[in-house]
Amino acid sequence: MGFFCAPAFFEEGWKRMLKYIFRRILSLIPVLIGVTFIVFSLLYLTPGDPARMVLGDQATEEAVTDFRIKEGLDDPFIVQFARYVYKAAFKGDIGRSYVTKRPVSDEILSAFPSTIKLAAFSVIIAICLGIPFGIISAIKQYSLFDSITMFFALVGLSMPVFWLGLLLILLFSVRLGWFPSSGFDTFSAMVLPSVALSAQVIAIVTRMTRSSMLEVIRSDYIRTARAKGQTEGKVIWRHALGNALIPIVTIVGLQFGHLLGGAILTESIFSIPGVGRLMVEAIKMRDYPLVQGGVLYVAVAFSVVNLLVDLLYAFVDPRIKAQYR
Amino acid sequence: MEVWHRMKRSPMAVIGLVLIIVLFVMALFANVIAPFTYSKQNLVHAFESPSSKYIFGTDEFGRDIFSRIVYGARISLQVGFIAVGISMFIGGFLGALAGYYGGKIDNVIMRIMDVLLSIPSILLAIAIAASLGPGLFNLMIAVGISAIPNYARIVRGSVLSIRGQEFVEAAKAVGSSDLRIIFKHIIPNCTAPIIVQATLGVATAILTAAGLSFIGLGIQPPIPEWGAMLSSGRSYIRDYPYMTLFPGLAIMITILALNFVGDGLRDALDPKLKR
Amino acid sequence: MNERKLLLDIQDLTIHYETEAGRVRAVEHLYLELGYGETLGFVGETGAGKTTTALGVMQLIPSPPGAFKGGKVLFEGEDLLAKSEAEMRSIRGGKIAMIFQDPMTSLNPVITVDKQIAEMIALHRDVNEKEALEQAVQMLDIVGIRPERAKDYPHQFSGGMKQRVVIAIALACDPALLIADEPTTALDVTIQAQVLELMKELKRKYNTSMIMITHDLGIVAEICDRVAIMYAGRVVEYADTKTLFERHVHPYTEGLFNSIPDLGEDQEDLKTIMGLMPDPTNLPTGCSFHPRCPYAVETCSRETPAFVEVEPGHKVACPVRAAAGKNGKERAS
């Protein structure tokens, strides 16, 4: 008997699902404009003249003025904003980095794979550790295992990721020399940063799994399953998990989305050429176009992940799926 | 209060509370507890390992790390509470408006929150901190603003569930103004989830602030913010690991304590939980 | 003396829960009998301990905080309390099936109904998956659900139909005993009638013995051969239905019947039994009912009443009223 009741998609279901996706994408647009607006405003208000930052202190007044005119930096805010949105939406052009002169999209796209890999590994580690530990803690509630697991989960949640990263480097790189402390090209280079980043995610997944399982185990249908004479193992595996995993899927997806733009500190410590580090450097350098483009990308990525999580939810929970029949 | 009793049952929550009190004491009486000031340089004694004179050792400028950590407690607590205060009041107020009035106001406010939420909060905090410039105060504002959506959502949820209840109808019938109803009736009933979120929020705020300082945004030297101490100690990690060990430990213990208390509060306030 | 063969014979069963509020005496020295092919109504107010008794028979009591403190549960002559968990698992669903009160939450929301029935079948019969599903669809037909709906999920059914699915699951393996814990309480009155009809029909068809837990004397009159009245963890009166309705003896039973409003009469106030059900952590001494009993005498607060057989097959845990009854007082119904 199937575990996840993989659905057969009916004709009607396809169409409705597509319509739903389309509507979600449409509703993204105002959000993205809003994000752009906020970042634009923040950068506009940031002190420091980007012209000076790019050209250096030695640059002449003329060069500075030229730069400002060329980039349209003296135009009113609304004009600059509108120009940006227009170019981004209709030409796919989100500018060039002030610093490297390369198109922003290139810069970001070359940085994204590293970030995605880092996020993916961290999430995978978190799932492999967090879910089993969460399940066992829930089954053996109040036991020593449960208390210890929850304690460590809390520690993992409380540990600053940059400190953990430094400690890992200290122990495994400096003292033991097992793993490199920077870069992301080889498998062994990915180990330490993924572990550091995953600590919080493991903690969240473990706690979430435990609480979801606890709630499900108290349900009436679990009692029904036992009353059928079902073995406890199957009761947990087939009945409890199938229901408990539904909210966990959401959380994992959200965490993944968050890591896509939020792994900044980890990337800094381990010198990973990802989006987060790119952003920080860009912000420090007042590289406006790169910052704008970057945040836009991150917002898009996060929203896409959210949409995928919602679709996955519909796939997995028949009560939601029924809306698309 | 009954909440207090329920909390006392959890040993971790009690430990957390004790630790936080210790932290407060450290912050308040820093000048009494710390043997040195946080900025006194003493290059002759730079890079000394922990000893009886310098309990946690000294940093690259010969400053006593222990003293800096004690003073750092002051900074961290300030940042944590003020940032959360900002998020709570602005976010809570917006959430209350959205929940109470519903309709267009709700839509607009929640849209704005959606926008804020689609940017990872660290990134948002960094962007705000960068645009405001360096300084402790700006750090607080940056961290505070980035957490507004959380409180807005919680308060809005609470308000929505209370709004339909009868005592609100009664208040309206008597002629109370909307603002009065919001402040006198609705907000007091949302306090439970907000308190839990706030406790955990202080932890997040301290963590975010430390992260920002670690990158170099926000705190100006010689202010002894723990994250900044980690950052400067990073270059010497091979030879003098204690420089990163202690500030990190301080951050972790503080946040752990706050999480203990927050968890304990959440369990104590949850009516469904029966042991 | 009644020499009928007993399918279920509960003797002196005691089940307590250890909670923070104290020790809850859910079931206290309970005696209960059920013959083959009988339907026993198990009547009492909420909190009297009926569900706990049923869960006790199935050995589904959560083990902290619940504990068996004594007694025997003889099923087909064997003590269930002495059986291993593996043996109990084969009995659950196979020999004794139970259906619970709220159909809304009794079914797993993410599994189709045919699979939920098939699971029961596959557990107790030697069939493969395909055959189990086929038999499941047959069960659905028997309870009046069209086979096209076999692949639907529980939330797509109404309350009454969900309960039919629950009944289908319970009867799928033709158990000897069906324990139904207030199966119609959560349903509309009209649906109640339908479900009861279904249960009566199935009971006849399969010759299943049944314990019907209810607080509704109307249902008892409809479907039950015998009745046991429960109060504060004990059975206080036990008789066949007609006898109970016409000649009940125990003061609690009397109170229950009196509180039913008479449609033919003009009544200003509803008659109630004064007082409240006792706190199970703090039961009264002697007879648990004595604080509310209009006939209580001094011994009632001291001695726990034993069963007195006032007529063949009619037992009452009240020596006071049993004696009074013997003196020729007849009760109108």
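**Cysteines and unusual backbone angles**

C224(C) counts as buried, with a relative accessibility of 7%. The model here is a predicted one, and its cysteines make a handy place to start. C287(C) is another buried cysteine, at 14% relative accessibility. What lies closest to the sulfur of C287(C) among the cysteine sulfurs? That turns out to be the sulfur of C300(C), and the two sit 6.1 Å apart, too far for a bond. A disulfide needs the pair of sulfur atoms to be within 2.5 Å, so the 6.1 Å between C287(C) and C300(C) simply doesn't qualify. The wider picture fits with this: searching the whole structure turns up 0 disulfides over all chains. As a reminder, a disulfide is a covalent bond that joins the sulfur atoms of two cysteines.

Now for the backbone. Most residues other than glycine have a negative phi. Y142(A) goes the other way: its phi is positive, at about 75°, even though Y142(A) is not a glycine. Where does Y142(A) sit in chain A? It is found in the loop between α5 (104–139) and α6 (144–158). With a relative accessibility of 46%, Y142(A) counts as partly exposed.

Chain C has a case of its own. A232(C), also a residue other than glycine, has a positive phi near 45°. This alanine belongs to the loop that runs between β9 (226–231) and β10 (234–240) of chain C. Is A232(C) buried or exposed? Its relative accessible area is 7%, so A232(C) is buried, whereas Y142(A) is partly exposed at 46%.

Definitions and conventions. Residues are numbered from 1 along each chain as its sequence is written. Chains are lettered from A and ligands numbered from 1 in the order in which they are written. This is a predicted model: local features need pLDDT of at least 70, side-chain atom pairs count only at pLDDT 80 or more; totals for chains, interfaces and linings use all residues. Side-chain values use heavy atoms; hydrogens and water are left out. Helices (H or I, at least four residues) and strands (E, at least two) are DSSP runs, numbered from the N terminus. Buried means under 20% relative accessible area, exposed over 50%, partly exposed in between (1.4 Å probe, protein chains only).
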